[in-house]
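I opened my notebook for a first walk through this structure. Here is what I looked up, in the order I came to it.

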Amino acid sequence: MTITSIPAEDLVTTATATVVVDRSAVVAPVNRRIFGSFVEHLGRCVYDGIYEPEHPTANEDGFRLDVVELVKELGSTTIRYPGGNFVSGYRWEDGVGPREQRPVRRDLAWHSLESNQVGVDEFARWCALTNSELMMAVNLGTRGIEAALDLLEYTNHPSGTTLSEQRIANGAREPYNIRMWCLGNEMDGPWQIGHMSAENYGRIAARTASAMKTADKDLELVVCGSSSSAMPTFGEWERVVLEQCYEDVDYISCHAYYQERNGDLGSYLASSLDMQFFIETVVATADHVKHKLRSKKTMQLSFDEWNIWYLDEFQASQVSQVEWEHAPRLLEDVYSVADAVVFGNLLITLLKNHDRVAAASLAQLVNVIAPIMTEPGGPAWRQATFFPFSVTSRLARGEVLRPRIDVGTYNTAVHGEAPLVDAVATADTASGKSALFLVNRSLSEWLEVTINVAELEATVVEEALTLHDEDAYARNTLQDQDRVGLKPLEGVVLEGGILTVSLPPVSWSALALG
Ligand code: AHR
């Protein structure tokens with residue numbers, strides 16, 4: 001692929017921008033759950049991904065420790081599990097107890113075989129290894145309240161009941177105390193096993209949520225919102241569902257995937273405008289329901305699937321897909337620098353809306369549309385998208401600040417006028433450290449950005465990193481695992497509270513100030 005040339009009329013003449021960081025423009029304190037991810041029993045995410053007993057680095061549970069190290073470096077926090085579409089046909093009981101007795105089942109969602117060699121107990125141990133919080137999804141496709149309550153009892157009840165004693169017998173004396181639970185997955189999607197109307201799903205979600213909260217009133221429950229802003233039911237789905245279960249749930253989910261289409265890189269680079277539209281629509285709808293019901297509670301958003309996904313290519317290839325394999329190579333997209341720039345911008349958007357988007361999950365973590373790739377018996381490496389995630393997770397501390405940005409726009413076919421720059425800041429009073437994350441969406445222009453950071457009282461630029469390449473379509477592959485990565489952002493100057501930086505075209509950058 002080559003970079004699309006932009007029509008002359010779309011080229012901007014002003015290659016400068018000004019940004020003002022106002023210390024009092026606080027969006028929300030940084031909640032580490034915004035850096036969540038997602039492990040689904042799909043393709044090689046679990047098997048031959050996080051789990052490969054024959055691998056030289058595998059521990060006694062069969063988990064690859066080289067992957068564990070990369071997950072820690074990535075800085076992901078809460079991990080959604082076990083699906084995704086997979087959960088809508090899943091029987092959690094298949095994945096507990098002696099491994100040799102576990103059944104092999106068909107996974108209808110991905111037309112694969114599921115060996116059940118990894119289940120909730122193994123996954124909870126993997127979460128402990130990676131310092132992750134387990135976020136569990138229950139099956140509301142083929143199952144319902146009873147299976148959800150049983151799983152809750154198995155995982156969270158201390159002892160003295162059949163299911164909690166079963167967990168103890170399986171090696172987990174202490175309950176897992178899982179806080180966040182998803183009430184099914186993408187129930188608005190016709191592809192979902194057990195797909196239903198908003199009315200029916202809202203009713204089932206309300207009954208399941210209320211039963212689960214009878215067991216533990218402090219659970220945090222996520223009801224399914226829309227699978228994308230392009231769903232015909234988008235908005236109406238949220239209204240109907242929330243009207244039925246508003247008081248019983250704590251979050252409504254959002255899912256969004258982006259990809260470049262028709263060689264239109266300019267539109268693609270502005271994808272975060274759709275994410276912004278998505279969030280604003282769901283917030284407005286949730287608040288409408290809140291006021292209609294005279295509720296005192298404000299609904300939070302869990303953006304628990306977001307990423308770049310070459311979905312069109314996947315859908316086109318499904319016809320020839322090999323069926324009923326165990327751990328087939330599915331959705332193994334290889335990401336470019338341009339993908340990572342869009343990806344970094346999505347993360348900026350999540351932070352800018354952190355007052356309502358309280359949690360998010362990058363979908364997914366290993367091999368399947370993932371920042372980390374592995375080969376059986378071989379290496380594990382970082383995709384281009386790894387870098388914006390790991391740096392943002394490491395540097396974003398304290399409070400999220402929404403900066404004022406004054407910059408020109410460019411015209412896109414899909415999103416209309418799009419600002420050339422997007423940015424967000426964080427500041428941590430305790431440590432005195434702050435950070436800025438910026439994107440230059442221009443296809444051709446370097447941008448001179450003047451950033452007023454006087455209110456951050458920073459004295460030194462501790463780090464200045466950029467993700468940019470002469471070839472915006474450069475990628476890391478098995479053969480060339482370090483082709484793309486972070487580079488120093490040259491020429492950054494901090495003087496008298498004014499930071500000046502030059503952002504390369506099609507780039508994502510981060511600055512750490514002390
Ligand atoms: O992340 C891949 C799939 O995308 C998930 O299984 C599903 O929830 C979504 O459609």
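I began at Gly84, which lies in the loop between β4 (78-81) and β5 (105-107). I am working with a predicted model, so every entry here describes a prediction. What kind of peptide bond joins Gly83 and Gly84? I found a cis bond, with omega about 20 degrees.

I then turned to a cis peptide bond that joins Ala363 and Gln364. Its omega is about 5 degrees. I placed Gln364 in the loop between β13 (357-363) and β14 (372-374). I noted these bonds because most peptide bonds are trans.

I stayed in the loop between β13 and β14 to look at Ile369. Its phi is near 35 degrees, a positive value in a residue other than glycine. Is Ile369 buried or exposed? I read a relative accessible area of 1%, so I wrote it down as buried.

Asn177 also went into my notes for its phi, which is positive and near 55 degrees. I found this residue in the loop between α4 and β8 (180-183). Asn177 has a relative accessible area of 46%, so I entered it as partly exposed. I marked such phi values because most residues other than glycine have a negative phi.

Next came the domains. The domain assignment gives domain 1 (8-24 + 402-513) and domain 2 (31-395). How many residues does each domain bring to the contact? I noted 41 residues from domain 1 and 39 residues from domain 2. The centres of the two domains, taken over C-alpha atoms, are 30 Å apart.

I looked for the largest nonpolar core and found one of 165 residues. Tyr201, Phe303, Trp306 and Ile451 have the most contacts inside this core. Which helix gives the most to this core? I wrote down helix α10 (residues 337-352), with eleven residues. Domain 1 and domain 2 both give residues to this core, so I place the core between them.

I picked Tyr201 for a closer look. Leaving aside its neighbours within four places in sequence, I found Tyr201 in contact with Leu140, Leu183, Met187, Met196, Val223, Cys224, Trp237 and Val241. Apart from the largest core lies another core, of nine residues. Among the nine I noted Val87, Tyr251, Ala358 and Ala359.

Then I turned to helix pairs. The axes of helix α3 (residues 145-156) and helix α4 (residues 162-169) come within 7 Å and cross at roughly 50 degrees. I therefore called α3 and α4 oblique to each other. I also noted that α3 passes α4 in a right-handed crossing. On the α3 side, the contact is made by Asp150, Glu153, Tyr154, Thr155 and Asn156. On the α4 side, I listed Thr162, Leu163, Ser164, Gln166 and Arg167.

For helix α1 (residues 65-74) and helix α11 (residues 386-395), I found axes that come within 8 Å and cross at roughly 60 degrees. I therefore entered α1 and α11 as oblique to each other. Leu70, Glu73 and Leu74 of α1 make the contact with Phe386, Phe389, Ser390 and Ser393 of α11.

My last stop was Ser267, in helix α7 (residues 265-269). Ser267 has 4% relative accessibility, so I counted it as buried. Which residues is Ser267 in contact with, leaving aside its neighbours within four places in sequence? I found Thr412, Ala413, Val414 and His415.

Terms used. Residues are numbered from 1 along each chain as its sequence is written. This is a predicted model: local features need pLDDT of at least 70, side-chain atom pairs count only at pLDDT 80 or more; totals for chains, interfaces and linings use all residues. Side-chain values use heavy atoms; hydrogens and water are left out. A nonpolar core is a set of buried Ala, Val, Leu, Ile, Met, Phe, Trp, Tyr and Cys residues joined through side-chain atoms within 4.5 Å. Buried means under 20% relative accessible area, exposed over 50%, partly exposed in between (1.4 Å probe, protein chains only). Helices (H or I, at least four residues) and strands (E, at least two) are DSSP runs, numbered from the N terminus. Domain bounds come from an automatic or database domain assignment. Contact means heavy atoms within 4.5 Å. Axes are lines fitted to C-alpha atoms, for helices over the stretch in contact, and angles run from 0 to 180 degrees between N-to-C directions. Angles under 35 degrees count as roughly parallel, over 145 as roughly antiparallel, 65 to 115 as roughly perpendicular and the rest as oblique. A crossing is left-handed if the near helix is turned anticlockwise from the far one by less than a right angle, and right-handed if clockwise.
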